[in-house]
Amino acid sequence: MSQLELNSDIDENFEERITYFADVILPIPLPGTYTYRIPKNLEEHIERGSRVVVQFGKKKILTGVVKEVHQTVPKVYEAKYVLDSLDHAPVVNSYQLDFFAWLAQYYMCTVGEVLNAAMPSGLKLTSESLIQLNPESDVFRSEVEYSEKELTILNALKSSDRLSFDQVSDVLGVKMIHPVLKSLLQKESILLFEQVKDKFKPKTVKTIRLSDQFLEDETVMQLLFEQLEKKQKQQAILLKYLSLTRMDEGESEDKEILKSSLLTGDLSASSLKTLVKNEIFVETEKVISRLDEIEGILQENHVLSTGQEEARLATLQAFEKNKPVLLHGVTGSGKTEIYINLIQEALENGGQVLYLLPEIALTTQIVSRLHKVFGSALGVYHSKYSDNERVEIWNGVNNGKINLVAGVRSSVFLPFDNLSLIIVDEEHESSFKQYEPAPRYHARDAAIWLAHLHQANVLMGTATPSIDSYQNALDGKYQLVELGQRFGEGKLPEFELANILTSRKSKRMKGDFTPELLEGIKSALEKKEQVIIFQNRRGYSPYLICNDCNHVPKCQSCDVSLTYHMHNNVLICHYCGHKESVPAICDACGSTAIKTVGFGTEKLEEDLKLLFPEAHIQRMDQDTTRSKYSYQHIIDRFERGETDILVGTQMLSKGLDFDKVSLVGVFDYDRIVHFPDFRSHERAFQLITQVSGRAGRKDDKGKVILQTGEPDEPLLYKIRTGDYKSFFQAEILERQNFQYPPFYRLIKVILKHKEKNILQDASKKYASRLIGELGRQRVLGPQQPVISRIRNLYIEEIYIKIEKKKISINKVKELVYKLGLEVKQHNEFKTLRLYFDVDPV
């Protein structure tokens, strides 16, 4: 043997001895990754970002994502084998893995929780419990006695290899099957195992085409007609096919058509089956996209006005300096046209674009505008899409077919690998914040870090910037670009304050409507104009109350009153979803004197129908927009003028653009501005300014009638004049004086437990430890939130305020996390639930 051959053998043997391991991120709330051994047959298929199937614990089968592939043997435990690899190529890229790690570190959660939030459900495996006969046991041995139900299951398994729990339930005709299965397991008669299934299934259609032999030879085609002369049903199908493919007009191309389009009218499916069986037609299954294909001629983008062009150029100059841009433009100033112009430029240069929107309601109208410019090149990503549709968007971005995505906050998780531009529309919106479950991230802030990873540009647009963002712009972290005038002839609306107290005293109120608002609605309807009524509370009434004993029906699981929904005649908890029928008598005293208190969108809709019976009235809130296309239908009807009055919650405020709205009526301003939160004035200014911006967006000035019991409240003057800078100056001084963001960072610690006393003890101990390490001035609480019990868990909160310049926020996070774990180590606190919310909104 030559030296070369010897070395070759040594290398080959050495390769056989190499064992590869994968560090796998699992979608569970436990820290770190888990190391698995890669089988030889899977080594070529597993790499960073691959989805793998692994066993976790004794029974769980999970889908994980490979973080790293290496050769380091775990020291603490014996590594289990990866069970399978799910993809030919990674579905998660290196940018995403780095992004997930940053989110976990910054928002104080596990990378598994980030992965769970990031991956669409369709990319996660599900497992189904199955049973089979135990092959190592003589199941029907004489010494074993079986009940009638047990024998029924065993006999069913004789004719079927395996049964699911649902099938067992059907066989027995009962739902409670676990005692029977447990008994069979103890008798070693059956085995229980998990079958793993992929949730995502490509959409397929069946197609039909003529066999090649009939396309290649006209004589053979003639013989076919002679053959089918007496078989009229089969001949009818052939003629229909030739007509649909236009082959009867002389075109001889091989053409596939949908089977469903062929079998229309009274054409026979069995006749088509015979034609396929006789190899006259060929039937195939074809994978198609679930995503809507946009047809028709695309529209060119509008020519920018002088102000818009100046803003665009200023934005591009900031991009050259690698600075995020805050575009502060009044409502109706044409920010969207600037966005579209920048998107076109980014796409033409070969980059990818992410257009972030705060809520599905806004995506409906914006997406319609984007489709007119970009057609099917646009992908849309939000929760109203099915799991399978979201997987198709994910895969489209991953394989480079989709380079422009418009979506809500979860769109930041998509597998971009060449991101060039991120647009954050309505950057001030609290909807960009994820509250439950972890990661409790803010999509705007996460987008800035994502852009940093990709070296991409960020443009944040709004008419009412968040205090934090505007201060960042003044500090030079962002570039401030301003648009001070509405596009074209549009003018800002005129404000009128309607005093509720004086109207009530003079008994001029009709229900919850002041005479000023009623007159405004009447005038608008007479002019064939449209009206928007804003009330940021859904349902018919916030609660019911007994007139005799003042009893208020409350949720059994949450410390909150049940909201009355008249349409379904039920009481609903808006925190846990609990429902109850409306009581005929008071549960406390038996009285029938039960009345509604307050009003929501449902009651306003009913009252308006009584007050204006000729008007077409519609409601847009969470209750009327549950289905996939409900937003679209409501908005389309309003745009076409089929709806005269639109009643809705804050989803009406999110950048919608309607031509014929001349009046906006605002309810419950006083409740919004006096909400116990340091951001209440900021939210009130933003919310009222935004919803007011829906009025008079074209040639007419428009009008806003705001009902209030405090017309002299100082913030109202700033809202009426649209004076954001004056509002900002007053607000920023308050924040500085009382040590709140943007001068201080906030971390909210949320503690939950089913026992109130245990929770209070734990929160006091935790707060005491925090005060000992950080000082009393940096720790607020513990305290109960406004709603102190949800889903049978009591809640306490601790706020930690950290100045930005004197202390490391990362070290504080480490300390807060470590002390929390130490508290949970006490036996009485082991079931304590502990969550962290960094930069709470």
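These legends go with a set of close-up views of a predicted model.

**View 1. Phe 100 and the largest nonpolar core.** This core has 111 residues, and Phe 100 and Tyr 766 are the members that touch the most others. Helix 2, spanning residues 94-106, supplies the largest share of it, with 7 residues. Zoom in on Phe 100 and, leaving out residues up to four places away in sequence, you'll find it touching Val 92, Val 111, Val 114, Leu 115, Ala 118 and Phe 413. There's also a second, separate core of 30 residues, and Ala 318, Leu 342, Ala 346 and Leu 370 are among its members.

**View 2. Helix 5 and its two faces.** Here we're looking at residues 165-172, where Val 168, Ser 169 and Leu 172 are the buried ones. These three sit on the same side of helix 5 because they cover an arc of only 100° around the axis. Flip to the face turned away from that buried side and you meet Asp 166 and Asp 170, both exposed. Right after the helix comes Gly 173, with a positive phi near 75°.

**View 3. Strand 20, covered on both faces.** Strand 20 runs over residues 530-534, and 5 of its 5 residues are buried. In a regular strand, side chains alternate between the two faces of the sheet. In strand 20, Gln 530, Ile 532 and Phe 534 take one side while Val 531 and Ile 533 take the other, and all of them are buried. As for partners, strand 20 pairs in the parallel sense with strand 28 (residues 661-666) over 5 bridges. One pair to pick out there is Val 531 with Leu 663, its bridge partner in strand 28. Strand 20 also runs parallel to strand 27 (residues 645-648), joined to it by 4 bridges. On that side, Phe 534 has Gly 648 of strand 27 as its bridge partner.

**View 4. A three-stranded open sheet.** The strands come in the order 22-23-24 and the pairing is antiparallel. Strand 22 (563-565) and strand 24 (579-581) are the edge strands; each has a single partner strand, so one side of each is left without a neighbour in the sheet. From one strand to the next, the twist averages 30°. Between strand 22 and strand 23 (residues 570-572), which run antiparallel, there are 3 bridges. To find one of them, start at Thr 563 and look for its bridge partner Ile 572 in strand 23.

**View 5. Ser 189, a buried loop residue.** Ser 189 belongs to the loop between helix 6 (178-186) and strand 8 (190-198). Its relative accessibility is 0%, so it counts as buried. What's packed around it? Setting aside neighbours within four places in sequence, Ser 189 is in contact with Gln 132, Leu 133, Asn 134, Val 139, Tyr 146, Leu 154 and Leu 184.

**View 6. Thr 831, an exposed loop residue.** You'll find Thr 831 in the loop that links helix 27 (809-824) to strand 34 (833-838). With a relative accessible area of 56%, Thr 831 is exposed. Its side chain still has a partner: a polar contact of 2.7 Å joins it to the side chain of His 753. For a sense of scale, the C-alpha atoms of Thr 831 and Glu 279 are separated by 67 Å, with the two residues 552 apart along the chain.

Technical notes
Residues numbered from 1 in each chain as written. Predicted model: local features only at pLDDT ≥ 70, side-chain atom pairs only at ≥ 80, totals over all residues. Heavy atoms only, no water. Core = buried A, V, L, I, M, F, W, Y, C linked by side-chain atoms within 4.5 Å. Buried < 20%, exposed > 50% of the residue type's maximum accessible area, 1.4 Å probe, protein only. Contact = heavy atoms within 4.5 Å. Arc of directions from axis to C-beta. Pairing = 2+ DSSP bridges. Axes fitted to C-alpha atoms, helices over the stretch in contact; angles between N-to-C directions. Polar contact = N/O pair within 3.5 Å; in protein donor to acceptor, adjacent residues only side chain to side chain.
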